[in-house]
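Morning, everyone. I have one structure to go through today, and I will take it piece by piece. Here it is.

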Amino acid sequence: MTRPAVAWMPALVPALLVCLAAPAFFVAQWTWLGWALLAAGIGTALLIERGAVTASAPSLTRDLSLIALGLLIVSVIPLAAELDNMAMLRFTLALGGAVAVPYVISRFLYRDRAISFPWRTHRRWGRLQWGWLIAVLVLGWLILPFYFITSGVYLNWPVVDTPELIARLFVGVGAVGIWDELFFICTVFALLRRHFPDALANVLQMIVFVSFLWELGYREWGPVLTIPFALLQGYIFLKTHSLAYVVTVHLLFDAVVFAVLVHAHNPGLLPIFLL
C-alpha cells in the first residue's frame, strides 16, 4: 500500500475531528456540531497538506472529504428502525448513497482506487475462520438475548407480530449489516489506513461504526458489545482481505439479532434461547 506524504501524528487531529462528527450526529444528535467538526477536520487537513492536496500521492484532505460526505448523507435521515415502505426507501437511498457517492468521486474525480470491495481472495477459509463463524453464532446465542431483553433495547425496534413484518425485519437487518461492512470497513477504514497505522485506523473507524449503531438502536450498555465487534471486524478484514468473510461474520451475528428481536416481541414463537 502506498504510504502517505503527511506524517500520521499531525494528520491525527483532522482525522479525529472528522470521526468525532459521527457521535455528534448519531449519539448526541447535535447536527450543528457534526457540521462544525467536519468543517474543522477538513480545514485542518487542508492547512497541513497545502499544495499536496492535488498531488498524485494519497491526500488526507481528499480522503477525509470522502468520509465526511458519507457521514453527511447518512445524517440526513433518522436512523430509528422502522419497517414501513417510506422508511425502507429512505434507508436504501441514504445508505446506498453514502457508499456509492464517495466511491464514484474517488474513482472518477480523484482518479484513485482508495475504495474497493475485495469480495473474494481466492483462498479457502481455514479451520480458524470456520471456527470463528461457529463461535459468532454461539456467542450471539448466549449474549444477545440477555442484552436485548434485560436492557429493554429490543423496544428500539418496531413490534414484529405478522409474517410480513417479520420478513421486512429480516431483510432490513441483513441489508444494514452488509452496508456496515461496505461503508465502515471498505470505505472509512480503507481511507484511514492510507494515512495511519492499521491499529489506529481501526480505532478511528470504530468510533464511526459504534456511533451509527447507537442511533440504530444498540443503546444502554450496547457499546460494550459493539466496540469489540467493530474492532474485530477491522482486524479480521486486515487478516483475510476478504469482504465476503467479514460480511458472512456480520450476517451470522445479525441472524441472531433478528431471532432475538422476533423472540422478544413474540415470547414463545422462537423457543431457542435461554432467556
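I will start with R111, which is exposed, with a relative accessible area of 67%. One caution before going further: this is a predicted model. R111 sits in the loop between α4 and α5. Its phi is near 60°, a positive value in a residue other than glycine.

Q29 is a residue to put beside that. The phi of Q29 is also a positive value near 60°, again in a residue other than glycine. Q29 belongs to the loop between α1, residues 8–28, and α2, residues 31–49. Is Q29 buried, partly exposed or exposed? The relative accessible area of Q29 is 44%. Q29 therefore counts as partly exposed, since that class runs between 20% and 50%.

Next, the salt bridges. As general background, side chains of opposite charge can pair when their charged atoms come close. In this model the count comes to 5 salt bridges. I will go through three pairs.

The first pair I want to show is D112 with R194, whose side chains meet in a salt bridge at 3.3 Å, N to O. Where do the two partners sit in the chain? D112 is in the loop between α4, residues 85–109, and α5, residues 127–151, while R194 is in the loop between α6 and α7. That puts them 82 residues apart, so the pair links distant parts of the chain. D112 is buried, and R194 is buried too. The pair also belongs to a network of salt bridges, in which D63, D112 and R194 are linked.

The next pair is R193 with D198, where the N to O distance of the salt bridge is 2.9 Å. How do the two ends compare in burial? R193 has 16% relative accessibility and counts as buried because the limit is 20%. D198, at 31%, counts as partly exposed.

The last pair is R90 with E82, a salt bridge between side chains at 3.1 Å, N to O. Here R90 is partly exposed, with a relative accessible area of 30%. E82 is partly exposed as well, at 38%.

R193 and D198 bring us to the packing of two helices. Helix α6 covers residues 163–193 and helix α7 covers residues 198–216. How do their axes run relative to one another? They come within 9 Å and cross at roughly 150°. The crossing of α6 and α7 is right-handed. On the α6 side, the contact residues include V176, W179, D180, F184 and R193. On the α7 side, they include D198, V208, F209, F212 and L216. By type, the residues of this contact divide into 14 nonpolar, 2 polar and 4 charged.

F212 deserves a moment of its own. Leaving out residues up to four places away in sequence, F212 touches F26, V74, L79, L95, V176, W179, D180 and F184.

That leads to the core. The largest nonpolar core has 84 residues. Which residues have the most contacts inside it? They are L71, F148, L169, W179, L192 and F212. The largest share of this core, 14 residues, comes from helix α9, residues 243–265.

Within helix α9 I picked out V257. V257 is buried, with a relative accessible area of 1%. Beyond residues up to four places away in sequence, V257 touches L144, F148 and Y218. For a distance in space, take V257 and V203: they are 54 residues apart in sequence and 24 Å apart, C-alpha to C-alpha.

The last residue is A81, in the loop between α3, residues 60–75, and α4. Is A81 buried or exposed? It has a relative accessible area of 17%, so under the 20% cut-off A81 is buried. With residues up to four places away in sequence left out, A81 touches N156, W157, P158 and L216. A81 and F91 are 10 residues apart in sequence, and their C-alpha atoms are 9.5 Å apart in space.

To go back over the loops: R111 is the exposed one, Q29 is partly exposed, and A81 is buried. That is what I had; I will take questions now.

Definitions and conventions: Residues are numbered from 1 along each chain as its sequence is written. This is a predicted model: local features need pLDDT of at least 70, side-chain atom pairs count only at pLDDT 80 or more; totals for chains, interfaces and linings use all residues. Side-chain values use heavy atoms; hydrogens and water are left out. A nonpolar core is a set of buried Ala, Val, Leu, Ile, Met, Phe, Trp, Tyr and Cys residues joined through side-chain atoms within 4.5 Å. Buried means under 20% relative accessible area, exposed over 50%, partly exposed in between (1.4 Å probe, protein chains only). Helices (H or I, at least four residues) and strands (E, at least two) are DSSP runs, numbered from the N terminus. Contact means heavy atoms within 4.5 Å. Axes are lines fitted to C-alpha atoms, for helices over the stretch in contact, and angles run from 0 to 180 degrees between N-to-C directions. A crossing is left-handed if the near helix is turned anticlockwise from the far one by less than a right angle, and right-handed if clockwise. Ala, Val, Leu, Ile, Met, Phe, Trp, Tyr, Cys and Pro count as nonpolar, Asp, Glu, Lys and Arg as charged, and the others, Gly among them, as polar. A salt bridge is a side-chain nitrogen of Lys or Arg within 4 Å of a carboxyl oxygen of Asp or Glu.
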